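User: I am new to this structure and would like to learn how to read its features one at a time. Please take me through them.

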Amino acid sequence: EYYSYNVTIQYIDMIEVARLECRDGCHMALMRCKPGYYCSQVRLQKNENGNKDINGGWMNRCPAGTYRDVSYSAVEECIPCPPGRYRDETKGRSLNSCYKCPPGTYNEKNGSATINDCKKCPRGTFSNEEGSESCICITPFSCPKAEKK
């Protein structure tokens, strides 16, 4: 059971104010969900004794392969690094914290957590830019029909 509006005045009102002011998952409005972290929303729940407990409000590191910037409208999950990029560390703070795959490689996957996901372009193809999600055929005859781009 979650927070309802027919409650007593005082302490419970402070929780509601915190929930409204701090939609970014902070605990009793004492901290904001920092970039590089994802946060759970604060919820008031009844425990087995019938008393109300505060749950949530935790701040967790974004895992490798993801990031979260300063947007306070989406704090409960981290964003996967897009294709052509990877992040091998936790707490990514922006898209720019996802490293681009080096030239001559490509990465088709979202949320890559290692440079090993950047694969070398196959024979007959190339990628001369950082952050490629695919390779280009050198000539029309250098790639099988299914691979031509």
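User: Where is the place of Lys91?

Analyst: A word first on the source: this is a predicted model. Lys91 sits in the loop between β7 and β8. Its backbone deserves a look, as phi of Lys91 is near 65 degrees, a positive value in a residue other than glycine. Lys91 is partly exposed, with a relative accessible area of 34%.

User: How many helices and strands does the protein chain have?

Analyst: The protein chain has one helix and twelve strands. Read from the N terminus on, the elements run α-β-β-β-β-β-β-β-β-β-β-β-β.

User: What share of the 149 residues in the protein chain is buried?

Analyst: A residue counts as buried under 20% relative accessible area. In the protein chain, buried residues make up 34% of the 149 residues.

User: Among contacts between residues at least 6 apart in sequence, what share joins residues at least 24 apart?

Analyst: In the protein chain, 48% of those contacts join residues at least 24 apart. For a single pair, take Gln45 and Asn55: they are ten residues apart in sequence, and their C-alpha atoms are 6.9 Å apart in space. Gln45 belongs to strand β2, residues 43–46. With 23% relative accessibility, Gln45 counts as partly exposed.

User: Now the disulfides. How many are there?

Analyst: The test is a pair of cysteine sulfur atoms within 2.5 Å. By this rule the count comes to four disulfides. We can go through three examples, including the disulfide of Cys62 and Cys78, whose sulfur atoms are 2.0 Å apart.

User: Which parts of the chain does the pair Cys62 and Cys78 link?

Analyst: This pair links distant parts of the chain, 16 residues apart. Cys62 is in the loop between β4 (59–61) and β5, and Cys78 is in the loop between β5 and β6. Both Cys62 and Cys78 are buried.

User: Is the disulfide of Cys62 and Cys78 left-handed or right-handed, and why?

Analyst: Look at the torsion about the S-S bond: for Cys62 and Cys78 this torsion is about -85 degrees, so the disulfide is left-handed.

User: What does Cys101 join to?

Analyst: A disulfide joins Cys101 to Cys118, with 2.0 Å from S to S. Cys101 lies in the loop between β8 (99–100) and β9 (105–106), and Cys118 in the loop between β9 and β10 (119–120), so the pair ties together parts that are 17 residues apart in sequence. The link of Cys101 and Cys118 is left-handed, with -70 degrees about the S-S bond. Both Cys101 and Cys118 are buried.

User: How far apart are the sulfur atoms of Cys121 and Cys135?

Analyst: The sulfur atoms of Cys121 and Cys135 are 2.0 Å apart, and the two residues form a disulfide. Cys121 is in the loop between β10 and β11 (125–126) and Cys135 is in the loop between β11 and β12 (136–137), so this pair ties together parts that are 14 residues apart in sequence. The torsion about the S-S bond of Cys121 and Cys135 is about -80 degrees, so the disulfide is left-handed. Cys121 is buried, with a relative accessible area of 11%, and Cys135 counts as buried at 8%.

User: How many aromatic pairs does a search of the whole structure find?

Analyst: In general, a pair of aromatic rings is described by the distance of the centres and the angle of the planes. Here a search of the whole structure finds one aromatic pair. Tyr86 and Tyr99 form this pair, and the pair is tilted: 5.6 Å centre to centre, with 50 degrees between the planes. Tyr86 is in strand β7 (residues 85–86) and Tyr99 is in strand β8, 13 residues apart, and the pair links distant parts of the chain.

User: Is Tyr86 buried or exposed?

Analyst: Tyr86 counts as buried, at 10% relative accessibility. Its partner Tyr99 is partly exposed, with a relative accessible area of 33%.

User: One last case: which side chain of opposite charge is nearest to Arg68?

Analyst: That side chain is Asp69, 5.0 Å away. A salt bridge needs a side-chain nitrogen within 4 Å of a carboxyl oxygen. Arg68 is buried yet has no salt bridge. Arg68 is found in the loop between β5 (66–67) and β6 (79–80). A polar atom of the Arg68 side chain lies 2.5 Å from the backbone oxygen of Tyr37.

How values were computed
Residues are numbered from 1 along each chain as its sequence is written. This is a predicted model: local features need pLDDT of at least 70, side-chain atom pairs count only at pLDDT 80 or more; totals for chains, interfaces and linings use all residues. Side-chain values use heavy atoms; hydrogens and water are left out. Helices (H or I, at least four residues) and strands (E, at least two) are DSSP runs, numbered from the N terminus. Buried means under 20% relative accessible area, exposed over 50%, partly exposed in between (1.4 Å probe, protein chains only). Lys and Arg count as positive and Asp and Glu as negative; His and the chain ends are not counted. A polar contact is a pair of N or O atoms within 3.5 Å; within protein, one must be able to donate a hydrogen and the other to accept it, and residues adjacent in sequence count only if both atoms are side-chain atoms. Rings of Phe, Tyr and Trp (its six-membered ring) pair if their centres lie within 6.5 Å; planes under 30 degrees apart count as stacked, over 60 as edge-to-face and the rest as tilted. Contact means heavy atoms within 4.5 Å.
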